[in-house]
Amino acid sequence: MSGLNASLGYFLACVVLAASLRVPLKRWPRLAFLSELSSSFMLVACRLEVQTIVEVGEWAGGLGPDVTVTILFAVLLVHGIVCGDHLGNSSVSMLRFLQLDATLFTTVLAVTSHFLGAFLAMLAAEYYWNLELTDMHMIKNLMGWECSTSLLVSPVEGFFTEAVCALLFYLAHLFLRGRSTFLKVPAGAVLLTFLSHIAKGYTSSYINPSLAYGLTFNCSGFTLTEYALVYWLAPITGMTLALFLYMGHIPRIFTKNLLYKTRFRVRKRGENDKKK
């Protein structure tokens with residue numbers, strides 16, 4: 001139980017740090033990329049501790065799978081509540097770019113912030129493990145970055161697994177967009193926890209390039225290119241396909257709706273002039 005208490009204290013510290021950084025940034029919309037950085041930091045830092053509990057918590061701290069699933073859901077729920085629209089997810093930023101809701105510059109800045117936040121989270125987690133507050137963290141400190149890769153299938157199978165999970169998640173994300181926070185945040189947390197659980201023996205379904213970079217790119221077993229194929233290209237592919245299925249087109253690429261008939265016809269300027 002002491003190990004769990006230490007982990008809960010760590011989670012709380014990450015949440016407080018991220019939330020405290022976001023408060024002053026609300027007054028300066030141009031610094032939204034810093035909100036993305038703090039969001040990515042919070043998510044990766046917390047998920048690294050969840051991964052530690054999964055790897056060594058069961059036999060070093062008596063924390064079973066039911067505890068890890070509950071903690072994962074709680075982390076995702078709190079992350080959604082605290083971070084709001086700035087989710088620290090590079091695929092979400094690219095989705096906004098494809099929807100014409102963000103420029104290329106702001107998208108590149110956001111994605112860069114995500115990976116910088118993930119890198120800082122890795123440093124913070126390593127410092128925390130070096131404190132060796134519990135037996136679980138002592139073992140993790142001895143292990144260092146020697147970890148078991150989350151990719152437990154071939155890169156091709158992993159690509160399709162991540163792409164399908166991303167497709168399902170972003171279809172739900174688009175459908176819930178504009179809904180009440182009390183609906184979309186818990187629903188998103190439940191779906192991410194469910195996808196992570198069913199894909200545990202395949203890719204763990206991170207659906208977030210910067211999150212995967214922080215959690216599994218340091219683990220041996222695959223090359224950087226293979227990891228990039230599964231955890232970077234696949235989520236973007238699933239997200240793009242979800243946007244196409246949801247809207248019938250990709251606004252950034254073409255405006256013609258290829259799947260659905262629009263109810264109203266867009267009038268041309270000449271038609272409006274004639275009516276005047």
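Is V153 buried or exposed? With a relative accessible area of 15%, V153 falls under the 20% cut-off, so V153 is buried. Here are some close-ups of this predicted model, starting with the whole chain and coming back to V153 at the end.

**Figure 1. The overall picture: a chain of helices and no strands.** The chain has 11 helices and zero strands, so its pattern along the sequence reads simply as α-α-α-α-α-α-α-α-α-α-α. Of the 276 residues in the chain, 45% are buried. Take the contacts with a separation of 6 or more: 75% of them come from residues 24 or more positions apart.

**Figure 2. Helix α3 packs against helix α8.** Two packed helices are described by the angle between their axes and the distance between the axes. For α3 (residues 65-83) and α8 (residues 181-198), the angle is about 145° and the axes are 9 Å apart. The crossing of α3 past α8 is right-handed. On the α3 side, the residues in play are V69, L72, F73, L76, L77, G80 and I81. Facing them from α8 are V185, P186, A189, V190, L192, T193, S196 and H197. Sort the residues of this contact by type and you get 11 nonpolar, four polar and no charged.

**Figure 3. Helix α8 also packs against α7.** Here α7 (residues 155-176) meets α8 at an angle of about 175°, with 10 Å between the axes. That angle is over 145°, and α7 and α8 are therefore roughly antiparallel to each other. From α7, the contact takes in C165, L168, F169, A172 and L176. From α8, it takes in L183, K184, A187, G188, L191, L192 and L195. The tally for this contact is 10 nonpolar residues, one polar and one charged. Keep an eye on L192 of α8: L192 is listed in the contact with α7 and also in the contact with α3.

**Figure 4. F217 and Y227 make a stacked aromatic pair.** The model has 13 aromatic pairs in total. In the one shown here, the ring centres of F217 and Y227 are 5.1 Å apart and the planes sit at 25°, so the pair is stacked. F217 belongs to the loop between α9 (209-215) and α10 (224-247), while Y227 is in helix α10, so the pair ties together parts 10 residues apart in sequence. Both partners are buried: F217 has a relative accessible area of 13%, and Y227 comes in at 1%.

**Figure 5. F217 pairs with Y231 as well, this time in a tilted arrangement.** The rings of F217 and Y231 are 6.4 Å centre to centre, with 55° between the planes. Y231 lies in helix α10 and F217 in the loop between α9 and α10, so this pair ties together parts 14 residues apart in sequence. Y231 is buried too, at a relative accessible area of 0%. Zoom out a little and F217, Y227 and Y231 turn up in one aromatic cluster, together with F115, Y206, Y213, F222 and W232.

**Figure 6. Back to V153, in the loop between α6 and α7.** That loop follows α6 (135-143), and V153 is buried there. Which residues does V153 touch, leaving out those up to four places away in sequence? They are G158, G201, Y202 and F222. The C-alpha atoms of V153 and Y202 are separated by 5.6 Å, although these residues are 49 apart along the chain. F222 links this view to the previous one, as F222 touches V153 and is also a member of the aromatic cluster.

How values were computed:
Residues numbered from 1 in each chain as written. Predicted model: local features only at pLDDT ≥ 70, side-chain atom pairs only at ≥ 80, totals over all residues. Heavy atoms only, no water. Axes fitted to C-alpha atoms, helices over the stretch in contact; angles between N-to-C directions. Helix = DSSP H or I, 4+ residues; strand = E, 2+ residues; numbered from the N terminus. Left-handed = near helix turned anticlockwise from the far one by under 90°. Contact = heavy atoms within 4.5 Å. Nonpolar A, V, L, I, M, F, W, Y, C, P; charged D, E, K, R; others polar. Parallel < 35°, antiparallel > 145°, perpendicular 65-115°, else oblique. Phe/Tyr/Trp six-rings, centres within 6.5 Å; stacked < 30°, edge-to-face > 60°. Buried < 20%, exposed > 50% of the residue type's maximum accessible area, 1.4 Å probe, protein only.
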